[in-house]
Every structure is written in structure tokens, then in C-alpha cells.
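Student: I've got a protein model to look at, and I'd like to learn what the words used for it really mean. Let's put the picture up and start.

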Amino acid sequence: MPTVLRLRGFDFLIYTHDHEPAHVHVWRDGNSVIIAIHDQPSVRRNEGMRTRDIAVAKAIVEDNLEHLRKEWRRIHG
């Protein structure tokens, strides 16, 4: 599971054996959130991350959307 971005204490990962639609797994302090990147970034599932941290993670995804989409295509074809 490659880490494709690290920023502001968050790790953004794309699992190599994952499924569509395109998304990133975002980790911070042992908690995670899955954010879709195939269209407009949106939260797919929260696994313990605080609301404030989710907002920051989503903003980072929005600011780096093209990079994350490029990494998804590189990993998944």
C-alpha cells in the first residue's frame, strides 16, 4: 500500500489490490477515513477520525486532486 502523499501529519495511501471507484485511505494518529477521488472528493467511510481532521484531510485531497488521481491511475492502470 504505497503512501502517495504525506502532509500536515496525514498519510494518504492507495492500496495496490483495491477496487473502484478511485479513492484514498487517509491515516492520522491511528484513525482513518476513505475519501473518493473519482469525481468531487467525498467521504466514503470514517473509521474513528475526528470531524475537524476529516475536514483538513478533505481540503488536502481537494488541493492535490490531480496528483492523487494520477497516482491511482499509475497503481491501477
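Student: Which residues are called exposed on the other side of α1?

Tutor: They are T51, R52 and D63. A residue is exposed with over 50% relative accessible area, buried under 20%, and partly exposed in between (1.4 Å probe, protein chains only). Before we go on, keep in mind that this is a predicted model, in which local features need pLDDT of at least 70, side-chain atom pairs count only at pLDDT 80 or more, and totals for chains, interfaces and linings use all residues. Residues are numbered from 1 along each chain as its sequence is written, and side-chain values use heavy atoms, with hydrogens and water left out.

Student: What makes D53 count as buried?

Tutor: Its relative accessibility is 8%. The cut-off for buried is under 20%, so D53 passes. D53 sits in helix α1, where I54, V56, A57, I60 and V61 are buried as well.

Student: How do you know that the buried residues of α1 line one face of the helix?

Tutor: Look down the axis of α1: the buried residues fall within an arc of 165°, so one face is lined by them. That arc is taken from the directions that run from the helix axis to the C-beta atoms. The cover over these buried residues includes β1, β2, β3, β4, β5 and α2.

Student: And why is α1 called a helix?

Tutor: A helix is a DSSP run of H or I with at least four residues, a strand is a run of E with at least two, and both are numbered from the N terminus. With 13 residues, α1 clears the helix limit. Its length fits too: the expected span is 1.5 Å times one less than the number of residues, which gives 18 Å for α1, and the end C-alpha atoms are 19 Å apart, which agrees.

Student: What makes the strands a sheet, and in what order do they stand?

Tutor: Two strands pair if DSSP finds at least two bridges between them. β2 (residues 10-13) and β3 (residues 23-28) have 3 bridges, and β3 and β4 have 6, so both pairs meet that rule. In β2, F12 stands opposite V26 of β3, and L13 faces H25. Between β3 and β4, V24 stands opposite I35. Altogether, 5 strands form an open sheet, ordered β1-β2-β3-β4-β5, with antiparallel pairing.

Student: Why are β1 and β5 said to stand at the edges?

Tutor: β1 (3-7) and β5 (42-47) each have a single partner strand, so one side of each has no neighbour in the sheet. From one strand to the next, the twist averages 20°.

Student: How do α1 and α2 lie relative to this sheet?

Tutor: Helix α1 (residues 51-63) lies across β1, β2, β3, β4 (31-36) and β5, at about 55° to β2. Helix α2 (residues 65-76) touches β1 and β3, and its direction makes about 155° with that of β1. Touching, or contact, means heavy atoms within 4.5 Å. The angles run from 0 to 180 degrees between N-to-C directions, with axes fitted to C-alpha atoms, for helices over the stretch in contact.

Student: What makes R28 and D53 a salt bridge?

Tutor: A salt bridge needs a side-chain nitrogen of Lys or Arg within 4 Å of a carboxyl oxygen of Asp or Glu. Here the N to O distance is 3.4 Å, so the pair qualifies. It links distant parts of the chain, as R28 is in β3 and D53 in α1, 25 residues apart. R28, at 25%, is partly exposed.

Student: Which pair in α2 forms a salt bridge, and how far apart in the chain are the two residues?

Tutor: R69 pairs with E66, with the closest N and O atoms 3.2 Å apart. They are 3 residues apart, about one turn of the helix. E66 has 51% relative accessible area, and that is over 50%, so E66 counts as exposed. Elsewhere, salt bridges with shared partners join R28, D29, R50 and D53 into one network.

Student: How many salt bridges does a search of the whole structure find?

Tutor: There are 7. One of them joins D11 and R6, at 2.9 Å between the closest N and O atoms. D11 is partly exposed at 26%, while R6 is exposed at 61%.
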